[in-house]
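Here are my notes for a first look at this model. Please keep the structure open as you read.

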Amino acid sequence: MHEELDTDYLVIGAGAAGMAFTDALLTHSDATITIVDRRHAPGGHWVDAYPYVRLHQPSTFYGVSSVLLGQDAVDVAGTNAGFYELAGADEIRAYYERVMHRHFLPTGRVRYFPSSDYAGEHRFVSTLTGASWHVRVARKLIDTTYLEGTIPATSAPPFEVADGVRCIPAGAIARLDERADRYVIIGGGKTALDACVWLLERGVPASMIQWIRPRDAWWLNRKFQQPHELVLDLYGGVAIQIEAMAEATSVEDLFARLESEGFFLRIDPEVVPEMFRGAVVSEAELRLLRRIDDVVRLGHVQRIERDAIVLQRGRVPTSAGTVHVHCAASGLARPPLRPIFEPGRVTIQPFFWGFACYQFAMLGVMEATIESDREKNRLCPPIAYWDVNEDYLTAFLAMLTGERARAQHPALASWTKTTRLNPVSGLSSYRDDPRAIEGRERIKRFAGAAVVNLQKLLSRLLVLLVAVVALGCEDGIDNDGSCDTNPLATGLVAQQTGVSADVADCSILTPTSTFTSASRALRGTATRWSSSFQAAPRTSTP
Ligand SMILES: Cc1cc2nc3c(=O)[nH]c(=O)nc-3n(C[C@H](O)[C@H](O)[C@H](O)COP(=O)(O)OP(=O)(O)OC[C@H]3O[C@@H](n4cnc5c(N)ncnc54)[C@H](O)[C@@H]3O)c2cc1C
């Protein structure tokens with residue numbers, strides 16, 4: 001069977017991005033929308049998520065703007081006690097079902113095709129029947145799959161596993177047939193953290209857990225991510241960050257300042273984290289995790305043999321009674337950046353530091369309320385999802401610089417003030433509270449200096465790395481780490497970062513020692529940047 005369809009927008013993916021974008025189009029335009037997803041239900045990766053996963057920030061900041069997720073209750077027990085509720089996987093799935101079936105479809109403007117694979121060129125195919133459709137798209141294709149990540153439930157472990165070894169994805173520890181003698185948690189991210197917390201909360205002694213952490217991470221303290229009656233803590237956190245950004249002398253110094261304020265947390269105070277994925281934890285979770293002493297830091301697992309786990313920098317013993325828990329999926333993708341708005345197409349990508357659904361919805365509001373793609377792109381130049389410490393600076397800088405421009409658009413500005421997805425939208429109720437006044441003053445005082453200093457800190461790191469990685473100008477680096485000014489590098493960095501050419505100038509490069517100690521992860525950042533630089537039109541070169 002083959003059919004033709006007409007629609008204004010064709011949305012690929014019914015995950016958080018597709019749903020939030022669609023909701024914004026429904027609210028702010030009269031467009032018709034066709035949503036296609038290869039999964040059988042709306043919710044994206046949540047459909048296959050491990051059973052004990054919860055949002056890491058309050059439910060109120062997640063979902064589509066027009067339908068509240070959760071009850072806005074404050075938890076009284078567990079590691080989230082005292083903070084606003086965090087929806088779990090079942091609740092999130094039920095929420096997206098409800099949004100689709102009670103809100104979207106009844107409008108008569110949305111058609112939804114689950115279990116359908118998008119095959120390109122506005123065609124999709126049912127995975128159940130083989131029936132195919134061609135869609136005549138009057139306005140745009142909305143691609144929410146460009147950054148699609150992998151999750152342990154649907155992707156094989158990125159290491160070999162010998163026959164007879166018990167190795168299971170994160171979710172399967174909730175359904176073990178046979179008790180384990182020992183659990184080895186493999187991965188340094190939020191999934192691994194959740195698996196450890198889940199085991200510990202269920203009484204598994206810490207001595208039965210080994211945690212393989214290729215990289216340690218910085219975690220955001222959930223205390224500073226709260227809405228409603230606790231929103232002044234969140235606002236105080238914004239002020240703390242901006243003041244630290246104005247005064248920090250290096251990336252390391254910035255994280256140290258924010259850790260001393262309790263804003264950033266790390267599990268092991270003896271290890272300097274190299275990873276920053278923006279995940280949020282509570283101090284109670286951290287206290288639990290610190291009980292695990294057996295932490296292996298020998299790089300990534302390469303294979304698991306029957307009696308040994310082989311890692312990049314060594315091996316550790318294992319046994320037949322051990323359950324190895326795969327929490328090592330790579331997470332969100334980091335392909336080269338591309339403009340979000342193009343003729344006939346929107347490619348969903350983040351564009352500032354902030355919660356995901358707020359950004360997805362804002363893109364929908366922009367699409368519905370601003371005519372010119374050029375103007376929309378000016379308001380939201382994309383950034384890569386954060387992975388290393390430096391990405392935090394890039395993302396926060398994008399927020400500081402973009403906000404002023406977006407505030408010039410009345411429809412966008414008024415939506416921003418009222419949507420619950422905006423973490424600070426509830427602040428207006430506390431306008432005259434002394435803590436709000438103090439936060440406002442601090443932000444006013446330090447915001448300008450924070451922008452300049454972030455640009456400076458980033459350009460110090462990136463100019464050198466970009467010059468080396470993208471342009472191969474090693475010859476230009478002197479022994480003391482300074483380098484001959486390279487106008488091509490300077491111009492490209494200035495163009496890509498919005499940093500003024502004099503700030504991007506090589507004359508402020510850091511000493512070689514900093515460069516040589518720059519982490520593998522930082523090189524990853526440079527490589528990402530360099531790929532977008534190579535794509536940049538050379539005409540901008542001074
Ligand atoms: C375990 C976990 C916990 C997280 N917790 C939070 C959190 O608390 N807060 C937060 O803000 N973010 C969180 N995130 C980040 C999360 O990625 C985003 O919140 C959001 O869910 C991403 O939504 P998405 O729509 O971009 O992607 P996805 O959820 O991956 O949805 C993309 C959809 O596109 C579909 N698709 C892909 N290709 C095709 C094709 N060719 N044809 C048809 N369909 C296709 C897929 O089936 C999928 O359903 C978490 C991520 C993970 C993995």
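1. Burial comes up first. A residue is buried if 20 or more other C-beta atoms lie within 10 Å of its own, exposed if 12 or fewer, and partly exposed in between, with C-beta atoms placed from the backbone. Is Glu247 buried, exposed or partly exposed? Glu247 is partly exposed because 14 other C-beta atoms lie within 10 Å. Glu247 sits in helix α4. Glu247 and Ala449 are 202 residues apart in sequence, yet 8.0 Å apart in space, C-alpha to C-alpha.

2. Source and numbering. The model is predicted: local features need pLDDT of at least 70, side-chain atom pairs count only at pLDDT 80 or more, and totals for chains, interfaces and linings use all residues. Residues are numbered from 1 along each chain as its sequence is written.

3. The chain as a whole. The chain has 542 residues, and 43% of them are buried. Its secondary structure comes to 15 helices and 20 strands. Helices (H or I, at least four residues) and strands (E, at least two) are DSSP runs, numbered from the N terminus. Two residues are in contact if their C-beta atoms, placed from the backbone, lie within 7 Å. Of the contacts with a separation of 6 or more, 74% join residues 24 or more positions apart.

4. The five-stranded sheet. Two strands pair if DSSP finds at least two bridges between them. One open sheet runs in the order β8-β18-β9-β10-β14, with parallel pairing. Its edge strands are β8 (166-169) and β14 (295-296), each paired on one side only. Within the sheet, β9 (residues 182-186) and β10 (residues 209-212) pair in the parallel sense over four bridges. Ile186 has Ile212 of β10 as its bridge partner.

5. The four-stranded sheet. A second open sheet has the order β7-β15-β16-β17, and here the pairing is mixed. The edges are β7 (160-161) and β17, each pairing on one side only.

6. Follow the strands of that sheet in turn. β15 (residues 301-304) pairs with β16 in the antiparallel sense over three bridges. The two form a hairpin, with three residues between them. Ile304 stands opposite Ile309 in β16. Next, β16 is joined to β17 (residues 314-317) by four bridges, and these strands run antiparallel. This pair is a hairpin too, with two residues between the strands. In β17, Leu311 has Gly314 as its bridge partner, and Ile309 has Val316.

7. The faces of β16. In a regular strand the side chains alternate between the two faces of the sheet. Which residues of β16 (residues 308-311) lie on the covered face? Ile309 and Leu311 do, whereas Ala308 and Val310 make up the uncovered face.

8. The ligand shell. A residue is near a molecule if its C-beta atom, placed from the backbone, lies within 6 Å of it. There are 29 residues around the ligand, and Gly13, Gly15, Ala17, Gly44 and Tyr118 come nearest. Two elements, α1 (16-28) and β4 (116-120), give two or more residues to this shell. α1 gives the most, with three residues. By class, the shell has 14 nonpolar, 10 polar and five charged residues. Ala, Val, Leu, Ile, Met, Phe, Trp, Tyr, Cys and Pro count as nonpolar, Asp, Glu, Lys and Arg as charged, and the others, Gly among them, as polar.

9. α1 against α7. Two packed helices are described by the angle between their axes and the distance between the axes. Axes are lines fitted to C-alpha atoms, for helices over the stretch in contact, and angles run from 0 to 180 degrees between N-to-C directions. The axes of α1 and α7 (residues 356-369) come within 8 Å and cross at roughly 35°. The contact includes Ala17, Ala20 and Phe21 of α1, and Phe360, Ala361 and Gly364 of α7. By class, this contact has 13 nonpolar, three polar and two charged residues.

10. α4 against α5. Helices α4 (residues 231-247) and α5 (residues 251-260) pack at an angle of about 145°, with axes 9 Å apart. Ile240, Gln241, Ala244 and Met245 of α4 meet Leu254, Arg257 and Leu258 of α5. The residues of this contact divide into five nonpolar, one polar and one charged.
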